[in-house]
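Student: I am new to this structure and would like a close look at one part of it. Could you pick a place to start and lead me through it step by step?

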Amino acid sequence: MATVTANRPDHVPADRVVDFDIFAPPGAEDDYFAAWASVRGDHALVWTTANGGHWIAADGETTRRLWNDAENLSNEALAVTPGLGEAMEFIPLQQDAPEHKPFRMAVMKGFANNHVVAMEPLIREVARELTAQIAPHGECEFMEEYAEVLPIHIFLTLIDVPTQDRLRLRPLGQQLTRPDGSMTVEQLRDAADGYLRPYIEERLRNPGQDLFSRILSIPIEGRAWTFDEAQRMCRNLLFGGLDTVVSMFGNIALHLARHPEDQDLLRQRPELIPQAADELMRRYPMVSVTRNLVRDVEIDGITLKAGDLVYLNSSIHNLDTACFDNPHKVDFERNLPPVRHTTMGVGPHRCVGAGLARLEAILFIEEWLKGIPPFRVKPGSPPRYRAGNVGALTELRLEWD
Ligand code: HEM
């Protein structure tokens with residue numbers, strides 16, 4: 001990676017300065033993970049001049065430690081995208097302690113295990129139907145025909161709104177995590193709010209059994225949710241739970257397409273599928289987060305200043321040889337403690353939807369392998385990636401006999 005010295009703040013040593021655009025790392029279209037690996041080097045922290053200038057944690061240990069350091073780093077900024085944090089004001093994602101706790105508790109209760117487990121028959125049915133529609137064609141563009149369909153269908157069912165609204169909502173998730181400049185951040189927020197408003201008003205007035213109603217009926221330190229808080233929370237769930245799962249499906253499908261031996265193993269030993277889902281989520285993490293420093297902190301021999309932004313990418317942690325043995329290898333029988341990797345984050349903001357996402361991964365693999373014969377990437381159609389706060393495959397052509 002090129003080293004540049006222009007436009008660096010005084011407190012950033014010249015040898016830490018790089019030009020690494022998190023929305024377009026070098027070569028990311030062909031291989032997102034290789035592009036991110038290029039940030040590793042001699043230092044635990046580097047400063048990129050791209051996107052207004054921010055730190056990037058460049059090794060696994062530093063990434064995980066800073067992710068978990070809620071004392072020195074705040075979630076308020078949300079992203080390096082200018083104005084996004086101020087526009088979104090997500091609850092609970094952008095809150096810090098102590099304000100964060102009661103809101104997070106309410107959201108966690110909404111995602112309690114019994115509710116997630118109760119979703120299994122529905123997720124399985126949708127996964128099975130979708131697979132059955134695709135199977136006779138002998139090929140598919142997996143992202144559009146499968147990965148983008150299932151999570152939105154599940155989410156809309158969870159919040160009890162019409163599943164046809166999928167087509168309206170999908171572009172909003174993409175704009176949030178990989179903006180293309182066609183919408184301002186305020187327009188994006190207003191589009192999400194415009195869609196959610198009538199449902200939120202109804203759920204506050206007349207709660208049902210759906211996810212939003214469950215969360216909004218839990219008092220915040222003894223009082224009811226205000227409309228503004230409800231809107232910020234529902235906005236967070238809408239944006240948090242769609243693109244992430246789409247991205248996960250794409251990576252799992254690509255791995256299995258490239259590794260027929262792993263397909264065979266899971267077809268022969270389906271009892272390994274839950275472990276396989278965990279291991280594939282570790283191996284192919286695509287979410288990054290931004291923190292803002294609340295005070296000056298010394299790390300890696302340099303002083304980071306209050307207000308600096310720090311960017312943390314989970315592949316820098318999960319694929320670091322100092323953190324995992326042979327991290328690039330997918331080993332379904334790897335002894336993986338459930339929260340050690342950072343695919344779902346670490347610390348007080350660890351993903352509240354992790355149980356749901358895991359269940360979706362397991363049921364996808366089970367139903368896909370039952371319904372589709374041995375499959376591969378279509379020759380001549382290499383997969384395409386796009387980087388961003390949630391990286392994703394944008395094109396994945398699969399075929400089978
Ligand atoms: C594979 C899929 C998913 C991945 C990789 C993922 C990843 C993450 C990560 C890394 C964080 C931590 C953010 C931070 O530390 O600042 C997070 C938080 C969060 N996720 Fe997920 N997520 C996924 C699915 C979901 C789903 C399905 C939902 C809900 C429908 C969801 C809702 C949230 C919320 C609300 C938070 C904020 C929690 C808090 O701030 O206390 N996520 N997610």
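**Around the ligand, starting from a loop**

Tutor: Let us begin at P98, which sits in the loop between α3 and α4. Please keep in mind that this is a predicted model. The peptide bond joining A97 to P98 is cis, with omega at about 0 degrees. P92 belongs to the loop between α3 (84-88) and α4 as well, and the bond leading from I91 into P92 is also cis, with omega near 10 degrees. As background, most peptide bonds are trans.

From this loop we can step over to the ligand. L93 has a backbone N or O atom 3.4 Å from an oxygen atom of the ligand. In the side chain of R104, an N or O atom is 2.7 Å from a ligand oxygen. For H100, a polar side-chain atom lies 2.8 Å from an oxygen atom of the ligand. Looking at the shell as a whole, the elements that give it two or more residues are α4 (100-110), α12 (227-240), α13 (243-258) and β6 (288-293).

How many residues are around the ligand? There are 27, and the ones that come nearest are H100, R104, R291, H349 and C351. By character, the shell splits into 15 nonpolar residues, ten polar ones and two charged ones. The space that the ligand takes up is the largest cavity.

Now find the iron atom of the ligand. Its only protein donor is C351, through the SG atom, at 2.3 Å. C351 is also among the residues that come nearest to the ligand, and its place is the loop between α16 (314-318) and α17 (354-371).

That loop holds one more residue to look at. N326 lies between α16 and α17 too, and it has a positive phi of about 45 degrees although it is not a glycine. In general, most residues other than glycine have a negative phi. L78 also has a positive phi without being a glycine, at about 70 degrees. You will find L78 in the loop between β4 (73-74) and α3. Is L78 buried or exposed? Its relative accessibility is 14%, and the limit for buried is under 20%, so L78 counts as buried.

To retrace the walk, go from the cis bond before P98 to the side chain of H100 beside a ligand oxygen, and finish at C351 with the iron atom.

Technical notes. Residues are numbered from 1 along each chain as its sequence is written. This is a predicted model: local features need pLDDT of at least 70, side-chain atom pairs count only at pLDDT 80 or more; totals for chains, interfaces and linings use all residues. Side-chain values use heavy atoms; hydrogens and water are left out. A residue is near a molecule or strand if one of its heavy atoms lies within 4 Å of it. A polar contact is a pair of N or O atoms within 3.5 Å; within protein, one must be able to donate a hydrogen and the other to accept it, and residues adjacent in sequence count only if both atoms are side-chain atoms. On a 1 Å grid over the protein atoms alone, a cavity is a set of points where a 1.4 Å probe fits but cannot get out, and a pocket is an open set with protein on both sides within 12 Å along at least five of seven lines; lining residues have an atom within 4 Å of a point. A molecule sits in a cavity or pocket if more than half of its atoms lie within 2 Å of its grid points. Helices (H or I, at least four residues) and strands (E, at least two) are DSSP runs, numbered from the N terminus. Ala, Val, Leu, Ile, Met, Phe, Trp, Tyr, Cys and Pro count as nonpolar, Asp, Glu, Lys and Arg as charged, and the others, Gly among them, as polar. Donors are N, O and S atoms within 2.8 Å of the metal (3.2 Å for Na, K and Ca); water is not among the atoms, so sites may look incomplete. Buried means under 20% relative accessible area, exposed over 50%, partly exposed in between (1.4 Å probe, protein chains only).
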